[in-house]
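Trainee: I would like a close look at one part of this chain rather than a tour of the whole. Please pick a starting residue, work outward from there, and keep to what can be checked in the viewer.

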Amino acid sequence: QVQLQESGGDLVQTGGSLRLSCAASRSINNFANMGWYRQAPGKQREFVASILNSGTTNYAEFVKGRFTVSRDNAKNTVSLQMNSLKPEDTAAYSCYAQQRWDRYWGQGTQVTVSS
């Protein structure tokens, strides 16, 4: 088991930037796959980005070129750098950690982008 705590959500203007962080309660070395999902009001949760222990990353089409996911195994953190934010990026962003068949989730952090 692991507890995940996100931080960094805020209210920003269109075109602004935010950096989300996800701190794990223990070592993330054994979590092969970590990343972020988001959920806007009235919509289903959707994949945003992931990063493997190898460093391989994957992004949803709608964030490519704007968001960057990274992980620091020494600090047990996963981050999401978000640039050129748009109003449609407004959502609750949650991080996850996956180990084999088990996936753990954080509580989420709210990102609101004003137009």
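Mentor: A residue is called buried when its relative accessible area is under 20%, exposed when that area is over 50%, and partly exposed in between. Asp 102 has a relative accessibility of 42%, so Asp 102 counts as partly exposed. Bear in mind throughout that this is a predicted model.

Asp 102 belongs to strand β10, which covers residues 102–105. Across from Asp 102 stands Gln 99. That pairing is part of an antiparallel arrangement in which β9 and β10 are joined over 4 bridges. The two strands form a hairpin with 2 residues between them, and in this hairpin Arg 100 has a positive phi near 55°. Asp 102 also has a partner in space from far back in the sequence: its C-alpha atom is 8.9 Å from that of Gln 1, although 101 residues separate the two along the chain.

From the hairpin, go back into strand β9, residues 91–99. This strand is mostly covered, with 7 of its 9 residues buried. Besides β10, strand β9 pairs with β4, again antiparallel, through 7 bridges. One place to find that pairing is Trp 36, whose bridge partner in β9 is Cys 95. There is also an antiparallel pairing of β9 with strand β11, residues 109–114, made of 3 bridges. Here Ala 91 can be used as a marker, with Val 111 as its bridge partner in β11.

The aromatic rings around these strands are worth a separate pass. A pair of aromatic rings is described by the distance of the centres and the angle of the planes. The model has 5 aromatic pairs. In one of them, Tyr 37 and Tyr 96 have ring centres 5.6 Å apart and planes at 70°, so the pair is edge-to-face. Planes over 60 degrees apart are what that term requires. The two tyrosines come from distant parts of the chain, Tyr 37 from β4 and Tyr 96 from β9, with their positions 59 residues apart. Both of these residues are buried. Tyr 37 takes part in another pair, this time with Trp 105: the centres are 5.3 Å apart and the planes are at 75°, so this pair is edge-to-face too. It links strand β4 to strand β10, with the two residues 68 apart in the sequence. The burial of the partners is not alike here: Tyr 37, at 18%, counts as buried, while Trp 105, at 29%, is partly exposed. Ring pairs connect Tyr 37, Phe 47, Tyr 96 and Trp 105 into a cluster.

Next to Tyr 37 in the sequence is Arg 38, which lies in strand β4, residues 33–39. What is its relative accessible area, and is Arg 38 buried or exposed? The value is 6%, so Arg 38 is buried. Its side chain has charged company. There is a polar contact of 2.7 Å with the side chain of Glu 46, and one of 2.9 Å with the side chain of Asp 89. Apart from neighbours within four places in sequence, the residues in contact with Arg 38 include Gln 44, Val 48, Phe 62, Phe 67, Ala 91 and Tyr 93. Among these, Ala 91 is the residue met above as the bridge partner of Val 111.

The last item is the packing behind these strands. The largest nonpolar core has 31 residues, and those touching the most other members are Leu 4, Trp 36, Leu 80, Met 82 and Tyr 93. Strands β3, β4, β5, β7, β8, β9 and β11 each give two or more residues to this core. Leu 4 shows how the core borders the region we started from: leaving out residues up to four places away in sequence, its contacts include Cys 22, Met 34, Cys 95, Tyr 96, Tyr 104 and Trp 105. Of these, Cys 95 is the bridge partner of Trp 36, and Tyr 96 and Trp 105 are members of the ring cluster. In the viewer, then, start at Asp 102 in β10, follow the hairpin into β9, and cross to β4 by its bridges with β9.

Methods
Residues are numbered from 1 along each chain as its sequence is written. This is a predicted model: local features need pLDDT of at least 70, side-chain atom pairs count only at pLDDT 80 or more; totals for chains, interfaces and linings use all residues. Side-chain values use heavy atoms; hydrogens and water are left out. Buried means under 20% relative accessible area, exposed over 50%, partly exposed in between (1.4 Å probe, protein chains only). A polar contact is a pair of N or O atoms within 3.5 Å; within protein, one must be able to donate a hydrogen and the other to accept it, and residues adjacent in sequence count only if both atoms are side-chain atoms. Contact means heavy atoms within 4.5 Å. Two strands pair if DSSP finds at least two bridges between them. A nonpolar core is a set of buried Ala, Val, Leu, Ile, Met, Phe, Trp, Tyr and Cys residues joined through side-chain atoms within 4.5 Å. Rings of Phe, Tyr and Trp (its six-membered ring) pair if their centres lie within 6.5 Å; planes under 30 degrees apart count as stacked, over 60 as edge-to-face and the rest as tilted.
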